[in-house]
Protein chains: 2
Amino acid sequence: MSALFKHLRIHQIFGANTDVGKTVLTSALVRASAARDRKVFYLKPVSTGPPSEADDQHVVRYAGSHKRMIETECLFRYKEPVSPHLAAKLASEDGGSQIDVPSDSTFANAIASHIRRCASSSLHNAHMYVETAGGVHSPTLSGTTQLDSYRPLLLPTILIGDAKLGGISSTISSYESLLIRGYTVDAVLIFRDEYYRNMEYLQPYFAERGIHVSAVDAPPPKLDNYEENRVSTEAYYQTIVPEDGKSEIFAIIDHLDGRHAARIRDLGSLSTRTLDTVWWPFVQHGLVDGPKDVNVIDSAWSDFFSIHNSQNALESSTSSGESLLEPQFDGSASWWTQALGHAHPELTLAAAGAAGRYGHVMFPQATHQPALELAEKLVHDGPGKGWASRAFFSDDGSTGMEIALKMALRAYSTRHGESLDVSAKKNLGILGLKGSYHGDTIGAMDACEEGVYTSEWHKAKGFWFDPPTVSMRNGTVTISLPTSIASAMESPVEAESLSWVYDIPARLNSPLATTYRDYIGDTIRRIKASGGPELAALVLEPLVMGAGGMVFVDPLFQRVMVDVVRGTTDVTGSWSGLPVIFDEVFVGLYRIGMQSTGPLLGVNPDISVYAKILTGGLVPMSITLASDSIFQAFLSDKKTDALLHGHSYTAHPIGCAVANKTLDIIDKLVEGESWLNAQSRWTNLNKNGKDSTVWSLWDPDFVSTLSRMPMVEELMTLGTVLAVNFKDEDGGYASQSAQRLLKSIREKVTDEKSLSAAPGGAPFGIHFRTLGNVAYFMTSLNTPPETIRSVEDRIWSALQDAI
Amino acid sequence: MSALFKHLRIHQIFGANTDVGKTVLTSALVRASAARDRKVFYLKPVSTGPPSEADDQHVVRYAGSHKRMIETECLFRYKEPVSPHLAAKLASEDGGSQIDVPSDSTFANAIASHIRRCASSSLHNAHMYVETAGGVHSPTLSGTTQLDSYRPLLLPTILIGDAKLGGISSTISSYESLLIRGYTVDAVLIFRDEYYRNMEYLQPYFAERGIHVSAVDAPPPKLDNYEENRVSTEAYYQTIVPEDGKSEIFAIIDHLDGRHAARIRDLGSLSTRTLDTVWWPFVQHGLVDGPKDVNVIDSAWSDFFSIHNSQNALESSTSSGESLLEPQFDGSASWWTQALGHAHPELTLAAAGAAGRYGHVMFPQATHQPALELAEKLVHDGPGKGWASRAFFSDDGSTGMEIALKMALRAYSTRHGESLDVSAKKNLGILGLKGSYHGDTIGAMDACEEGVYTSEWHKAKGFWFDPPTVSMRNGTVTISLPTSIASAMESPVEAESLSWVYDIPARLNSPLATTYRDYIGDTIRRIKASGGPELAALVLEPLVMGAGGMVFVDPLFQRVMVDVVRGTTDVTGSWSGLPVIFDEVFVGLYRIGMQSTGPLLGVNPDISVYAKILTGGLVPMSITLASDSIFQAFLSDKKTDALLHGHSYTAHPIGCAVANKTLDIIDKLVEGESWLNAQSRWTNLNKNGKDSTVWSLWDPDFVSTLSRMPMVEELMTLGTVLAVNFKDEDGGYASQSAQRLLKSIREKVTDEKSLSAAPGGAPFGIHFRTLGNVAYFMTSLNTPPETIRSVEDRIWSALQDAI
């Protein structure tokens, strides 16, 4: 809902079918609102059929004595009395005139613009009614159905029920279709019918669901004589909207006014109440400066939240034409989860279908179609292709990593069992990189160094290398070596291009590779010689360490790490040296433009973990993939040798069904125009002209220019991710420089002249997250290029202002 | 779907509205199936209107030359041509005859019984069409709408689309209502209409969703003269179902045959494919004896799975009249998650509504209505009432417990910070009970003793008491004391009644309480004196230790533990002694008949954890509640002091919305007749006649009798849980005795004479889980008494047979 005004109550009217009385009942509402001395706006976005019989004409004709209070508008008018999509098509096919069929965003923007105009033109209490065409799922002009076309605006809704035989069914089905798009139905109105008595059934049905139902007398039969018909119809309206202001229709007006006031009141209370009862993750409540610091999310759609602007809410109702709700770009893809944008109807239906078929069902020693389909997708056609044999389900990246660690530790200790006593097993170590992060549970944390995130019980188990990193500085791609290596090589290394950095085969025989190899090998030997922990697994976030600060690691270093721990012995069909775990919770499934990192690195892991994007940004679920030789380490005839780890909701069908649908949609997306265009922009940039697997949805020119700005230390981008490291002498997790420099992009920019890329074209702010002095921006996989361009412009302007 | 036969393909026909051609198109399908030389069963479960104009008459009249292949049936016939619920009501109101309106289960059972009769009467390839009445959501006889009434049977579905103006909308909405109940739509059929051209829109729309759409010519207008009308209609059927067997209708028959074959083939492949790619939790794959050991769950409804019977599938198609799908009672409530049964439509809609409004949205320093509502429910009106101030969201019981531990450890080390060095903090200990289990992540495991579940990295941090336990032995409620205490008291202690055991105020001054108090106090002093771990938190699963073997702990012992660690100093408004954590993941939210255990124990925790039932058995989510004084330990102006723990999908709106709906439904349930009846049965049993907070959905006579059986060591029940400990000299996690003794209840029992309590009245097997030599059975909170009685009978018979 990007349009909520104190002084303008808006309702959209959907019909349970065509010809159920939408226009008659809307006309009655308009007349009653006017009788209550309200300014009334009636909007019929699309009208089909002869103009003289159009609904807006009807509304005006029967507005009664308060006609001067009413303004009507029709945005798209077509003459054929058929479904709007067909009428628009016929009109555009009509040789006489060339009429383009408006796109969904043009359609939503036109309605939203009209609403904003009405809101600013009337600063007294006014009512607005937006009447849709046909039934809830009748196609609009583009062919998208009504309830999806209007969804970006998410207006409070009145459903006109169907009083005819069969009308109970169409009313309830229509309600369900609205509900699963997130609409709030404030009232159901229906004609009274003494024979079919649908009202008798629907009234208690909807009352149980908290929805008010009103029955109104049906209009008299249409008369052939125009004047007789007018008189009879006017008499009808006088009956249902009587002069004394007392009737069911007036009661509805009061109910709708009440809902409007309650909506504003509730929304206004959320921030304070949240500060009273919620304990947020990763938030220091002591630094939260009151209700204004709470992001109140009323709904979300595509890449945008619809948030409550508490500042606008504070203004008195008569002095502000501003919406209490405004769009906000979800600049962290909601903590890296969003793949396809919020409230994607196909994902909703996939979730609901699985809920309706299974709910959740027991998984150990059982199976169901969505779980098996997902396991097969990941193992055979997904990131496990070519190496994985098994999928193990859990709930989130952290539990998925704990399972991965248990697998690796067991595989290692089974193979080396005889030489390990109990204490040695408890202290088996991980080899990894400084800045790694594998989730918040204590076991996953123990696979990382001590740091700000760790709890009292944390015990760092292993050894972590300082990684060489990749970034763009002043327009140049650079590999920065840690001091431990820099002694042997000059640092930083300037790379000829981004694609060169990620061309592992070309770099494997470089002097730097040799340096890496020697350094890693020497270090491991030194750990062993000095009685350090017995290393039992190599654990990597390939290419990017996310929570550790969006650190892009030199892929060559990670490749060489794998090569070194595996040694030269290629044990076919089994893991070699140390089991290798790829934590692809963040980078996997196209977050950085590739399905998985193995093909780029040229090596496969023995175990890997997926979450976040996996379920399309809807519900938690994680999958740990393992090779057959890892699985074999647990296989015996003893129950106690099994991997005794599992969560109650293991392989919950909703998560599996949503994941399957997400992966199917992504498969089409990665071949789509938007991605091909972005890839070609980056490929053209490669000096060697070769196709590259590394590319970004962010524009190469923007990225390069940004890297040259004075406050930017370095930056890096791959796929959907853009991470900017700001210069800051303090640095670290507590740094505020990124927040400070970019503060202004949180606020919306009002530009009267043009529509924004947000739903309905409203001005928008940007929500983004920082990790110390690194600000990152992350899109969905399907964020439209125009939205990304728009975010780029805002970043650019904010930093220009900060110079 | 509890009815799937190799030799009998069944489809039910739903309409997108009334009067869209269901009967005409079904008649055409019947005629075409007969023309293909199939035996055809046509079932119209409910018919309204004059019998001579009934749909089954129409089907027979226009069956063409293959009439002898067709059998029709109508189960409920009413004369008024109105919606079935109204027709039934009018008939039952009719003074002349008293006709009861059939209940939903009578209705589903009648249909299912008819289907089974047809299946066993025809062992050759046959087709069956079940024609519903009105639209998908038209009410059936009881008033429940069609698609919910037919849901227990989950038959493959044909949707008859609506060709009229507005028909695109009603067709798609109807499809969505079917989809979210788990139905599979095999085909959409619709009349051809050259003006509105709905087919043009619907064909690609449904193709994208994998659904076949066919258009068929509409019938000629109805003629007033009966004979002329008959001839004209017959001519129509001859056109659309021609003698040469080639037409769209025949193509549909082929398509439906293909879908039927594919359904059986896919279902048959699931077990083998699962064994190839899935790694199950808690399962030793080495002990799985091939595909027959895989529980293939095709769908679920209420307390039952619908499973694939691979044995029936192996029979040749002609020799078996048995369904390939059969109901199976979900005897572990799907690992303790189910609160309201599977596929509850209100939960599905709550999930879908939240998905449609938000998807998932970012939670740190943000809020949304479902999350806040849930936090407030739990803190103010739920288990947190009177003590909790904050709700912290995570993903599952294990992560919820890790958060609880981090809270407690921090609270303790903040208060005692000066005396703790880094090593002491890392080794802070937990006080608990032997047999505790708090989840599978490594940190949660470290709060428990070493055991079969623990991994290489496990380090038991703390001290665990051997608990006194409560059970029923030979009809007598008994408290068994561990040897460490038994030296001071005679053991076992025979209790006068179950309610006496749980009457903490009455027992607090008993000699046993003093013994407990001294023993606990002495032990803690000894730990301290001997340089044992510095204890930093008391962690309890109150009343029942679930995964540890369904051990019912003497509540007095747990109460005294809390009293002792808190000491006599009552620090108002702050935690005292040690922070107390209640792990109510299993016992909370009415699993054992009470919302939380605090009121019974007479003490509140400082931290508590909820999951499983919380989300109504649909998706993973957990909440950790904390008192204000725990929250204060993290409050400062330093980010790094915050609780730096969070999961990507924190407070995901789907989970919150489902939880809110679940808690609302439970609130009504606990006041409902079924619970009051069960409670009064147990209250009457109390010798002191007092109302008791302890009671069970299981029958007291059954429980008492069961406890006297020779192979039963002891048993215990509370709320939905019945745990039976079998005599077994081996014991332990690897014990097989419970599995062996109860093996026979996994198989369905066929009793030709009566219908079962399962969906459609089909014979059912029981799925149950064991923990070593303990078998437990767990119902939903709303499992009907007749289902529980039926499960009791099966347990009783199985054990009788085993004597």
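Trainee: What makes the radius of gyration of chain A agree with a compact globule?
Mentor: The rule, 2.2 Å times the number of residues to the power 0.38, puts a compact globule of 803 residues near 28 Å, and chain A has 31 Å, so the two agree. The radius is taken over C-alpha atoms. Those of chain A fill a box of roughly 105 × 65 × 60 Å along the principal axes.

Mentor: Mind that this is a predicted model, where local features need pLDDT of at least 70, side-chain atom pairs count only at pLDDT 80 or more, and totals for chains, interfaces and linings use all residues. Residues are numbered from 1 along each chain as its sequence is written, with chains lettered from A and ligands numbered from 1 in the order in which they are written.

Trainee: What share of the residues in chain A is buried?
Mentor: Buried residues make up 58% of the 803; the label takes 20 or more other C-beta atoms within 10 Å of the residue's own, with C-beta atoms placed from the backbone.

Trainee: How many residues of chain A are in contact with chain B?
Mentor: 144 residues of chain A are in contact with 144 of chain B, contact being C-beta atoms, placed from the backbone, within 7 Å.

Trainee: Why are β8 of chain A and β11 of chain B called paired?
Mentor: Pairing needs at least two bridges found by DSSP, and strands are DSSP runs of E, at least two residues, numbered from the N terminus. Residues 295-301 of chain A and 366-367 of chain B share two bridges, in the parallel sense. Val296(A) stands opposite Thr367(B) there.

Terms used:
Buried ≥ 20, exposed ≤ 12 C-beta atoms within 10 Å, placed from the backbone. Contact = placed C-beta atoms within 7 Å. Helix = DSSP H or I, 4+ residues; strand = E, 2+ residues; numbered from the N terminus.
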